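This briefing goes through selected features of a single model, grouped by topic. Please consult the sequence and the structure alongside the text.

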Amino acid sequence: MERGILLYGPPASGKDTITSALADLDRRYVPFTRLKVGTGRTHGYRMASREHLRQLEERDEVVYRNDRYGNIYVVDRPGLREVTSGGRVPVVHLGQIAGVRAVADGFAARWWRVLLWCPRAITGQRSFGRGDGDTAARLAAWDATERDVADNPGIGWDLVVHTGGVSPRAAAERIHAVVTAAG
């Protein structure tokens, strides 16, 4: 059976750096590159047209879609199939619990749900430090994430990591231990 990791947390909670540390620990961990329809940052996304998105939706190949920052972000079935081939373990970044549920329920795999958390002030510092031009929007997303967690107490996290007080390497080691303990 395919396996995967769902990393959920507010902006700048460490999803990218922890994913990189996971890949350094074990080459089977592969960042899942979501489709993006829109403008702005292209690094870390598979850019797609609205027409391509429409075709995926018509074929029921969209596992999860969210609209944020004026763009559309998509977790697609063909992308997940490609990444899970050969025993690879996709690491999917999500910013909404609805997305965690949609991917876990919409793509057959053993999914580990990991909540990454950091204080709002750290999100602001990290966002500013990495040069985000929309730090205010990232902080608004942090607020929305806090509400999302409060509104969904029964999500059933396999692991919670407070990234304000742990290195990306240590966080990755904790995640890896949970995944490998389950087989």
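Is Phe107 buried or exposed? In this predicted model, Phe107 is buried, since its relative accessible area is 8% and the limit for that class is under 20%. The points below begin with the aromatic pair to which Phe107 belongs, then turn to a helix contact and to individual residues.

**Aromatic pairs**

- Across the whole structure, 4 aromatic pairs are found.
- One of them joins Phe107 and Trp111 in an edge-to-face arrangement, with a centre-to-centre distance of 6.4 Å and 65° between the planes.
- Trp111 has a relative accessibility of 4% and therefore counts as buried, and its partner Phe107 is buried at 8%.
- Trp117 and Trp142 form a tilted pair, because their ring planes stand at 50° with the centres 5.3 Å apart.
- This pair connects distant parts of the chain: Trp117 belongs to strand β8 (residues 110–117) and Trp142 to helix α6, with their positions 25 residues apart in the numbering.
- Trp117 and Trp142 are both buried.

**Surroundings of Trp142**

- Trp142 lies in helix α6 and, with a relative accessibility of 7%, counts as buried.
- Beyond its neighbours within four places in sequence, Trp142 contacts Pro10, Pro11, Trp117, Cys118, Pro119, Arg120 and Thr123.
- The C-alpha atom of Cys118, a residue 24 positions away along the chain, is 9.4 Å from that of Trp142.

**Packing of helices α5 and α6**

- Helix α5 (residues 120–129) and helix α6 (residues 135–151) have axes that come within 9 Å and cross at roughly 150°.
- The two helices are therefore roughly antiparallel to each other, as angles over 145 degrees fall in that class.
- The crossing of α5 past α6 is right-handed.
- On the α5 side, the contact is made by Arg120, Thr123, Gly124, Ser127 and Phe128, while α6 contributes Thr135, Arg138, Leu139, Trp142 and Asp143.
- By character, the residues of this contact comprise 3 nonpolar, 4 polar and 3 charged.
- Arg120 and Thr123, named on the α5 side of the contact, are also among the residues in contact with Trp142.

**Thr19 in helix α1**

- Thr19 is located in helix α1 (residues 15–25).
- Its relative accessibility is 3%, so Thr19 counts as buried.
- With neighbours within four places in sequence set aside, the contacts of Thr19 are Leu7, Pro31, Val91 and His93.

**Positive phi angles outside glycine**

- Ala12 is a residue other than glycine with a positive phi, near 65°.
- Ala12 sits in the loop between β1 (3–8) and α1, and it is buried, with a relative accessible area of 9%.
- Asp60, likewise not a glycine, has a positive phi of about 55°.
- Asp60 is placed in the loop between α2 (50–58) and β5 (62–68).
- Is Asp60 buried or exposed? Asp60 is exposed, because its relative accessible area is 55% and the exposed class begins over 50%.

Terms used: Residues numbered from 1 in each chain as written. Predicted model: local features only at pLDDT ≥ 70, side-chain atom pairs only at ≥ 80, totals over all residues. Heavy atoms only, no water. Axes fitted to C-alpha atoms, helices over the stretch in contact; angles between N-to-C directions. Helix = DSSP H or I, 4+ residues; strand = E, 2+ residues; numbered from the N terminus. Parallel < 35°, antiparallel > 145°, perpendicular 65-115°, else oblique. Left-handed = near helix turned anticlockwise from the far one by under 90°. Contact = heavy atoms within 4.5 Å. Nonpolar A, V, L, I, M, F, W, Y, C, P; charged D, E, K, R; others polar. Phe/Tyr/Trp six-rings, centres within 6.5 Å; stacked < 30°, edge-to-face > 60°. Buried < 20%, exposed > 50% of the residue type's maximum accessible area, 1.4 Å probe, protein only.
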